[in-house]
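Here is a friendly walk through one protein chain, from its surface to its interior. Have the structure open as you read.

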Amino acid sequence: MSDQKSQQNRPRKQGGPGKQGHQGGPGKQPYKPHRKPDKDPVRFLAFEALRAVDERDAYANLVLPPLLKKAREKYEGFDGRDAALATELVYGTLRRQGTYDAIIAACIDRPLREVDPPVLDVLALGAHQLLGTRIPTHAAVSASVDLARLVLGEGRAKFVNAVLRKISRQDLDTWVEQVAPPYDEDAEQHLAVVHSHPRWIVSALWDSLGGGRAGIEDLLEADNERPEVTLVARPGRSTTDELLDVLGEESGLPGRWSPYAVRMAEGGEPGALEAVREGRAGVQDEGSQLVAAALANAPVEGRDERWLDGCAGPGGKAALLAALASERGAVLLASEKQPHRARLVEQALAGNPGPYQVIAADGTRPPWLPGTFDRVLMDVPCSGLGALRRRPEARWRRRPEDLEGFAPLQRGLLREALKAVRIGGVVGYATCSPHLAETRTVVDDVIRGRGAGNAPFEVEWVDARPLMPGVAALGDGPDVQLWPHVHGTDAMYLAVLRRLA
């Protein structure tokens, strides 16, 4: 079965851990278990996280921390190794969901859509242990069946046992060769199954990246790798030297590109650092740091006193911009439409040495007057296809039609940004997506006035490449697209425009 088909047929939100009945026969009562299995806190936690992602459209990076905290409090002896295993099970299962669904579909005698979602979650967790970790086969199967007995009942536990035993007979490479179509017959679907991405995303990323097979495979592989934790030292409040001294040579490395970045060793806890607890430093992908720094580096004509972050939530770029603005005696206005996200921005900016202001306002209906600002950053809401390393569940949640919903908002925000900047000032349009429909197409449409009732803008492109000094492989310009497999960052896009009239 293909990845695309298995994803389309995967059921969602049709029951929960306590629902009775066999996997394909509603109303049938499960057998009573031969024994009441002991709760395995690691696998039970992983199952709870996957159910939250599926049932509530939650994000794993938001669900996991409170679940881990609860487990540490509830289970004696639950330690860092347990937390690391639970995290790997959740993220590994989500990243490889498409591949595992195709394998599971090959091992059952009914369409995937007829298997209840909680059963699929247990099966996928078991498949990841069998095919994606070094956990011994017997332990992976036994632990998964015990989990099934606990959360599904004995009848469905027997089904889980039978399926996982079939899966355990072959390794991942052998399974993928069996369930993926040959590359020469259907290249996009082959890559979708092998690298566990929906076909439409493979197609979109390939179009954005260009080139041949090697580049797209490198990108898809990078999406399935665990990203590094990167810190930002906020200027005037902390330094990279301070962070590196605290972390030590074994736990901290300088950033690859950003002068404010420090990379943490795997397993490091950012919250344990005093600078992070005090807000003098934060957790921020290096790509996001580069976008904020590039806007600050762009040359402007005349005064340089008023800066705007027009989509500031949750506050990472705003905090860096505020610090850079303070060093020059400029003031940052951070605007965020959603009040709860505006409060996150306030928390991120608290303690900034210079003046700033945070407001809750809609950037498409702004309260500020035209021509007010010297620099404007508009990091618009988008599909998030550039951050699939960090939010692997987003690849299964997004649909092609979602881009149509973002398009009017993205164009409206960029139009208002160009109105908000004064003549001679600069606007940075940024997205955490490499999709052409969210990047260059948006910018071209806005500056040319495409769309009913829209007038063109008199602007010039600013070459963004020199604004990221030392960063390699930035393409032909004038805009910049960062890539996980090339730069080790999220796939951030940046266009810089100077207002001429």
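## Surface and overall build

About 21300 Å² of the protein chain is exposed, and carbon and sulfur atoms supply 49% of that area. Keep in mind that this is a predicted model. Of the 501 residues in the protein chain, 57% are buried.

For the overall dimensions, picture the C-alpha atoms filling a box of roughly 80 × 50 × 40 Å along the principal axes. The radius of gyration is 24 Å, which agrees with the value near 23 Å for a compact globule with 501 residues.

## Fold make-up

The protein chain has 21 helices and twelve strands. If you look at contacts between residues at least 6 apart in sequence, 74% of them join residues at least 24 apart.

## Two nonpolar cores

The largest nonpolar core has 61 residues, and those with the most contacts inside it include Leu-45, Val-90, Val-122 and Val-160. Helix H2 (residues 41-56) gives this core its largest share, nine residues. Apart from it lies another core of 44 residues, including Trp-307, Ala-318, Val-358 and Cys-382.

Val-160 is worth a click: leaving aside its neighbours within four places in sequence, this residue is in contact with Val-119, Val-122, Leu-123, Ser-144, Ala-148 and Leu-152.

## A buried aspartate

Now find Asp-116, in the loop between helix H5 (97-106) and helix H6 (117-132). Is Asp-116 buried or exposed? Asp-116 counts as buried because its relative accessibility is 11%, and the cut-off for buried is under 20%. The side chain of Asp-116 is joined to that of Arg-156 by a polar contact of 3.0 Å.

Conventions. Residues numbered from 1 in each chain as written. Predicted model: local features only at pLDDT ≥ 70, side-chain atom pairs only at ≥ 80, totals over all residues. Heavy atoms only, no water. Core = buried A, V, L, I, M, F, W, Y, C linked by side-chain atoms within 4.5 Å. Buried < 20%, exposed > 50% of the residue type's maximum accessible area, 1.4 Å probe, protein only. Helix = DSSP H or I, 4+ residues; strand = E, 2+ residues; numbered from the N terminus. Contact = heavy atoms within 4.5 Å. Polar contact = N/O pair within 3.5 Å; in protein donor to acceptor, adjacent residues only side chain to side chain. Rg over C-alpha atoms; globule rule 2.2 N^0.38 Å. Areas by Shrake-Rupley, 256 points an atom, 1.4 Å probe, with all protein chains shown as cover.
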